[in-house]
Amino acid sequence: QTKMELDDLPVGSKPGKAGGDPFGSEFPDQDDSTPSSSNKSLSDRLVSKKWNERAGAYEELCETIKQVKNSKDPLFGDHAESFKKYLSDSNPGALEKAVDLFIQYVDKASDGIIKEIQ
């Protein structure tokens, strides 16, 4: 066997790997090839290290809020304090979903709950 030199590797490859996605293992947080894990709870996915899981959780919560009829539903209070974290998401795709969620939240929540997050 010959020793493989760094210059012999294709760009983005690692020794022992041939072809494939050159970024797959280096940037695991950026892997959006699989849908969010439905076996995790919503609260776990909202704080996941994987941006696509967070984005999916933001979307799911947004859809849930759209269906709520009572503006004083406990769901609103459960997430009131979390919006600072949601709206500071480091991934632009997840942040966009968090902003959509916040808009829906503000439209549906009661004034008393909105005052809590100011």
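How accessible is Lys97, and does that make this residue buried, partly exposed or exposed? I looked this up before anything else, and the entry reads partly exposed, with a relative accessible area of 26%. I note at the outset that I am working on a predicted model, and every value below is computed from it.

**Entry: the fold as a whole**

I went through the secondary structure and found six helices and zero strands in the chain, so that the order along the sequence reads α-α-α-α-α-α. Of the 118 residues in the chain, 29% are buried. I then looked up the accessible surface, which comes to about 8,300 Å², with 51% of this area belonging to carbon and sulfur atoms. Taking the contacts between residues at least 6 apart in sequence, I noted that 44% join residues at least 24 apart.

**Entry: salt bridges**

I returned to Lys97 and looked for its partner, which is Glu59: the two side chains meet in a salt bridge at 3.2 Å, N to O. This pair links distant parts of the chain, since Glu59 lies in helix α2 and Lys97 in helix α5, 38 residues apart. Glu59, at 40% relative accessibility, counts as partly exposed, as does Lys97 at 26%.

The count of salt bridges comes to five, and I followed two others in detail. Glu60 forms one with Arg45, the closest N and O atoms being 2.7 Å apart. Here too distant parts of the chain are linked, with Glu60 in helix α2 and Arg45 in helix α1 (residues 42-46), 15 residues apart. I recorded Glu60 as partly exposed, with a relative accessible area of 35%, whereas Arg45 has 6% and therefore counts as buried, the limit being under 20%.

The other bridge I followed joins the side chains of Glu63 and Lys66 at 3.2 Å, N to O. Both residues lie in helix α2, three residues apart, which is about one turn of the helix. Glu63 is partly exposed at 41% relative accessibility, and Lys66 is partly exposed at 40%.

**Entry: aromatic pairs**

I found five aromatic pairs in the structure. In one of them, the rings of Tyr58 and Tyr86 have centres 5.4 Å apart and planes at 55°, so I logged the pair as tilted. Tyr58 sits in helix α2 (residues 51-67) and Tyr86 in helix α4 (residues 83-86), 28 residues apart, and the pair thus links distant parts of the chain. Both residues turned out to be buried, Tyr58 with a relative accessible area of 1% and Tyr86 with 4%.

How are the rings of Phe83 and Tyr86 arranged? I read this pair as edge-to-face, with 5.3 Å from centre to centre and 75° between the planes. Phe83 and Tyr86 share helix α4 and are three residues apart, about one turn of the helix. Phe83 counts as buried, at 3% relative accessibility. Looking beyond single pairs, I noted that Tyr58, Phe76, Phe83, Tyr86, Phe102 and Tyr105 form one aromatic cluster.

**Entry: the nonpolar core**

Which members of the largest nonpolar core touch the most other members? I looked through its 19 residues and arrived at Tyr58, Ile65, Tyr86, Leu101 and Tyr105. Helices α2, α3 (74-79), α4 and α5 each supply at least two residues of this core, and the largest share, seven residues, comes from α2.

Since Tyr86 appears both in the aromatic cluster and among these core residues, I also looked up its contacts. Leaving aside residues up to four places away in sequence, Tyr86 touches Leu46, Tyr58, His79, Leu95, Ala98 and Leu101.

**Entry: a nonpolar patch on the surface**

As a last look-up I turned to the surface, where Leu87, Val99 and Ile103 form a nonpolar patch with about 220 Å² of accessible area together. Ile103 has its place in helix α5 (residues 92-108) and is partly exposed, with a relative accessible area of 48%.

Key
Residues are numbered from 1 along each chain as its sequence is written. This is a predicted model: local features need pLDDT of at least 70, side-chain atom pairs count only at pLDDT 80 or more; totals for chains, interfaces and linings use all residues. Side-chain values use heavy atoms; hydrogens and water are left out. Rings of Phe, Tyr and Trp (its six-membered ring) pair if their centres lie within 6.5 Å; planes under 30 degrees apart count as stacked, over 60 as edge-to-face and the rest as tilted. Helices (H or I, at least four residues) and strands (E, at least two) are DSSP runs, numbered from the N terminus. Buried means under 20% relative accessible area, exposed over 50%, partly exposed in between (1.4 Å probe, protein chains only). Contact means heavy atoms within 4.5 Å. Accessible areas come from the Shrake-Rupley method with a 1.4 Å probe; for residues, only the protein chains shown count as cover. Patches are made of residues with over 30% relative accessible area and no salt bridge: like charges are joined within 9 Å, nonpolar side chains (Val, Leu, Ile, Met, Phe, Trp, Tyr) within 5 Å. A salt bridge is a side-chain nitrogen of Lys or Arg within 4 Å of a carboxyl oxygen of Asp or Glu. A nonpolar core is a set of buried Ala, Val, Leu, Ile, Met, Phe, Trp, Tyr and Cys residues joined through side-chain atoms within 4.5 Å.
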